[in-house]
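These are my notebook entries on what I looked up in this structure, set down in the order in which I went through it.

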Amino acid sequence: AQSFVSKNVDLICAIATPMAQAAFNAAEGKDIPVIFTAVTDPVMAQINEGNITGTSDMLPVDAQLKLIRAIMPEATKIGILYTTSEVNSESAIAVYEELATGYGFEIVKSGISVAADIPLAIDGLLSKVDCISNLTDNTVVGSLPIILEAANAKNIPVFGSEIEQVKIGCAAAEGLEYYELGKQTGKMAARVLKGEATASEIPYEIIEESFLYVNSDVMEEIGLTLPSEMSGRAIDVA
């Protein structure tokens, strides 16, 4: 971020919260706009005011809980693994905890500091829950294969939060289409570069539509079935 500022670029595009915060801090007072994307909670990240705007990838938590309840009618406890230093994760978990009781779920969370903590944390979490719901937590997603291996050994489903997580082994997800999020972000950047508006004049935007992704091979292996009323909109990535 400092390098971009020293080169006096026309605009910085930052992907994910840590990058957005770094770019915003580096560009402050330099008249360089910052456009962010894939930031779950810009307000909590304190990048919602100033010469900055962009798009939020706030998770469709209500749709995810509805999906899990439909697939696992007897489940009561959902586990979430997260990095304690990621404000995105703290924000998403707060929404999960607020909405979970409406679906008869209890959220069991386990925080980690670094990726090396994950094997021990996931083993402990799996002993307490019926399934795992994965966030877009950068550290946790980077170790998703380790999480999936541990969960599969205990026949516990892992629900993802976007298509790539389902492709590599999560059972299903109500997730966002990040390609569309990128297009939405690009249009905002174009407005700023064309001089149509400053970043400070454009409110950050949230992508509204979620998509149902299913890995039918994983679902079959774990013994789960997608209800017929949901199958019509399901995108099978197996």
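I began with Thr17, which I found in helix α2, the helix of residues 17–27; the model I am reading is a predicted one. I noted Thr17 as buried, because its relative accessible area is 4% and the cut-off for buried is under 20%. Leaving out residues up to four places away in sequence, I listed the contacts of Thr17 as Ala38, Val39, Thr40, Ala45, Val87 and Asn88.

**The sheet under α2**

I next asked which strands α2 lies across, and the answer is β1, β2 (34–37) and β3, with the helix running at about 150° to β1. These strands belong to an open sheet of four, in the order β1-β2-β3-β9, and the pairing is parallel. The edges are taken by β1 (12–15) and β9 (205–206), each of which has a single partner strand, so one side of each is left without a neighbour in the sheet. I looked up how β3 (residues 52–56) is joined to β9 and found two bridges, with the strands running parallel; Ser56 stands opposite Ile206 in β9. Helix α9 (residues 178–193) also lies across this sheet, over β2, β3 and β9, and runs at about 165° to β3.

**Strands β4 and β5**

I then turned to strand β4 (residues 77–83), where six of the seven residues are buried, so the strand is largely enclosed by the rest of the structure. β4 pairs with strand β5 (residues 106–112) in the parallel sense over seven bridges, and I noted Lys77 standing opposite Glu106 in β5.

Is Gly111, which lies in strand β5, buried or exposed? I entered Gly111 as partly exposed, because its relative accessibility is 40%, and partly exposed is what lies between the limits of 20% and 50%. Apart from neighbours within four places in sequence, Gly111 is in contact with Tyr82 and Thr84. I also looked up Gly111 against Ser85, and their C-alpha atoms are 9.1 Å apart in space, with the two positions 26 residues apart in sequence.

**Cys131**

I placed Cys131 in strand β6 (residues 131–133) and recorded this residue as buried, with a relative accessible area of 0%. With residues up to four places away in sequence left out, Cys131 touches Ile68, Met72, Lys77, Ile78, Gly79, Ile156, Pro157 and Phe159. For Gly79, one of these contacts, I also noted a C-alpha separation from Cys131 of 6.1 Å, although the two are 52 residues apart along the chain.

**The three-stranded sheet and α3**

I found a further open sheet, made of three strands in the order β8-β10-β11, with mixed pairing. Here β8 (172–175) and β11 (234–236) stand at the edges, and each has a single partner strand, so one side of each is left without a neighbour in the sheet. On average, neighbouring strands of this sheet are turned by 25° against each other, direction ignored. Strand β10 (residues 211–214) and β11 run parallel and are joined by three bridges, in which I noted Asp236 of β11 as the bridge partner of Val214. Helix α3 (residues 61–71) packs on this sheet by touching β8 and β10, and its direction makes about 155° with that of β8.

**Helices α5 and α7**

How do the axes of α5 (residues 118–126) and α7 (residues 144–153) cross? I read that they come within 10 Å and cross at roughly 35°, and that the crossing is right-handed. On the α5 side the residues that meet α7 are Ile118, Pro119, Ile122, Asp123 and Leu126, and their counterparts in α7 are Ile146, Ile147, Ala150 and Ala151.

**Rings and backbone angles**

A search of the whole structure gave me one aromatic pair. I noted separately that the charged end of Arg69 sits over the ring of Phe105, 3.9 Å from its centre.

Most residues other than glycine have a negative phi, and I therefore looked for exceptions to that rule. Asp31, in the loop between α2 and β2, has a positive phi near 60°, and this residue counts as exposed at 70% relative accessibility. Asn155, in the loop between α7 and β7 (158–159), has a positive phi near 55° and counts as partly exposed at 45% relative accessibility.

Key:
Residues are numbered from 1 along each chain as its sequence is written. This is a predicted model: local features need pLDDT of at least 70, side-chain atom pairs count only at pLDDT 80 or more; totals for chains, interfaces and linings use all residues. Side-chain values use heavy atoms; hydrogens and water are left out. Buried means under 20% relative accessible area, exposed over 50%, partly exposed in between (1.4 Å probe, protein chains only). Contact means heavy atoms within 4.5 Å. Rings of Phe, Tyr and Trp (its six-membered ring) pair if their centres lie within 6.5 Å; planes under 30 degrees apart count as stacked, over 60 as edge-to-face and the rest as tilted. A charge sits over a ring if NZ of Lys or CZ of Arg is within 6 Å of the ring centre and within 35 degrees of the ring normal. Two strands pair if DSSP finds at least two bridges between them. Axes are lines fitted to C-alpha atoms, for helices over the stretch in contact, and angles run from 0 to 180 degrees between N-to-C directions. A crossing is left-handed if the near helix is turned anticlockwise from the far one by less than a right angle, and right-handed if clockwise.
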